[in-house]
Amino acid sequence: MVGKQTYCRNIKQYLLFAPLFTCCFALSAQNTTKLSSLIPDSNKSMVSGDDIFNVIKVGVIIPQGLFGAKVGYPDAGSANFSALQLPFKGQTGMGATYGATLQYEGFSAFGKPHSGPSFTTHFGLEYGFDFGFIPVSWSNVQWANYNLSVTTTSYYYAGFKVGPAFYINPTKDMGIGIYALADPYVNAPGGENASYNYTDASGTTTVGSYVIKDSNSVHFSINASAGMNFYYKAIIIGVEYNWIHTRYNGTVIENLAETQSNGSVSTPKYNYSFGNVIQTNIIKFTLGVRLGYGCKYRNFEDVE
């Protein structure tokens, strides 16, 4: 009977302290799990900053070819308003000057991830977003000699880019890469305004205004680019050539007010329609920062 009472008392004590033992065991197991998660798994290969990275870049744009050629007034000695449309038809130069670009860029390698300091190569996908503006200046022409005052608006573009890329990595956190991209861009190609004021020897005063009404002032185009990047740790520099084509399709509107010496006034009006696609090729030189290039994606043994 005494043994039975002792057994029952032991059972009651166990039931009383069982929750405490269970809680302690759970906490111990949880701490063990957390500790084990800090131990790198040598069988698990994790991506490095050479396998995948993101970049923010800024740079300078240098217009190429006819796009960067200075505009020339094609009809010296007269005020031929219709001739001022020729730069937008790819003639006499476009007069674009140095611009600026802001870019986001990323790279993701295909195949097995690589970590460690050894030499390797990566083939993968380059992608990103690109924004730029390019001023257009016709200041080289002495417009006052033609009794003209001319102003222009800048060329803007924004869009995505994607394509294959190949990187050589002499050691970790260093890479030299080349890429070729397709660039779907939205273009705002700009335009031109001009005014004219002249009184001839007979006393006839002519006041005119001229503006390009571009029916496609904002439009979509698919362009192409190719370039090269070099990075070391967080710093990346690049050079890229863009083949951009821009459609100009609009109307030149010329409004005149001619006042004769006898006071009579006439108001002739002219319209000149035009349409063309011109090449607006550019070179971009960029400098940027690689985001999270280091420890975020590495095994512990690779951390410096």
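I began with F88, which is buried at a relative accessible area of 2%; buried here means under 20% relative accessible area, exposed over 50% and partly exposed in between, with a 1.4 Å probe and protein chains only. I noted early that this is a predicted model, in which local features need pLDDT of at least 70 and side-chain atom pairs count only at pLDDT 80 or more, while totals for chains, interfaces and linings use all residues. Residues are numbered from 1 along each chain as its sequence is written, and side-chain values use heavy atoms, with hydrogens and water left out.

**Entry: the whole chain**

I looked up the secondary structure and found two helices and 14 strands, where helices (H or I, at least four residues) and strands (E, at least two) are DSSP runs numbered from the N terminus. Of the 304 residues in the chain, 37% count as buried. The accessible surface comes to about 16200 Å², and 64% of this belongs to carbon and sulfur atoms; the areas come from the Shrake-Rupley method with a 1.4 Å probe, and for residues only the protein chains shown count as cover. I also looked at contacts, meaning heavy atoms within 4.5 Å: among those in the chain with a separation of 6 or more, 76% are between residues 24 or more positions apart.

**Entry: the rings around F88**

I then returned to F88 and its aromatic neighbours. Rings of Phe, Tyr and Trp (its six-membered ring) pair if their centres lie within 6.5 Å, and planes under 30 degrees apart count as stacked, over 60 as edge-to-face and the rest as tilted. By this rule I have 17 aromatic pairs. One of them is the tilted pair of F88 and W138, at 5.9 Å centre to centre and with 55° between the planes. Because F88 lies in the loop between α2 and β2 and W138 in the loop between β3 (120–134) and β4 (148–152), the pair ties together parts that are 50 residues apart in sequence. Both F88 and W138 are buried.

The rings of F88 and Y248 have their centres 5.1 Å apart and their planes at 65°, so I entered this pair as edge-to-face. This pair links distant parts of the chain, since F88 is in the loop between α2 and β2 and Y248 is in strand β11 (residues 245–259), 160 residues apart. Is Y248 buried or exposed? Y248 counts as buried because its relative accessibility is 1%. I wrote down one aromatic cluster formed by F88, W138, W143, Y146 and Y248.

**Entry: N276 and its contacts**

My next residue was N276, which has its place in strand β13 (residues 269–279) and counts as partly exposed because its relative accessibility is 31%. Which residues does N276 touch, not counting those up to four places away in sequence? The list is F88, K89, T246, R247 and Y248. The C-alpha atoms of N276 and T246 are separated by 8.5 Å, and these two residues are 30 apart along the chain. A polar atom of the N276 side chain lies 3.0 Å from the backbone oxygen of K89.

**Entry: strands that pair**

I followed β11 to its partners, given that two strands pair if DSSP finds at least two bridges between them. β11 and β13 pair in the antiparallel sense over 11 bridges, with V252 standing opposite Y272 in β13. β11 is also joined to strand β12 (residues 265–266) by two bridges, again antiparallel, and E258 has S266 in β12 as its bridge partner. The hairpin of β11 and β12 has five residues between the strands, and G263 takes a positive phi near 95° there.

Elsewhere, nine bridges join the antiparallel strands β5 (residues 155–169) and β6 (residues 174–188), and A165 stands opposite Y179 in β6. These strands form a hairpin with four residues between them, where D173 in the turn has a positive phi of about 65°. On β6 I also found 14 bridges to the antiparallel strand β9 (residues 219–232), with G177 opposite N229 in β9.

**Entry: two loop residues**

Finally, I looked up T92, which is not a glycine yet has a positive phi of about 65°; T92 is in the loop between α2 (65–68) and β2 (99–109). K233, also not a glycine, has a positive phi of about 55° and is in the loop between β9 and β10 (235–243). I entered K233 as partly exposed because its relative accessibility is 25%.

Key:
Polar contact = N/O pair within 3.5 Å; in protein donor to acceptor, adjacent residues only side chain to side chain.
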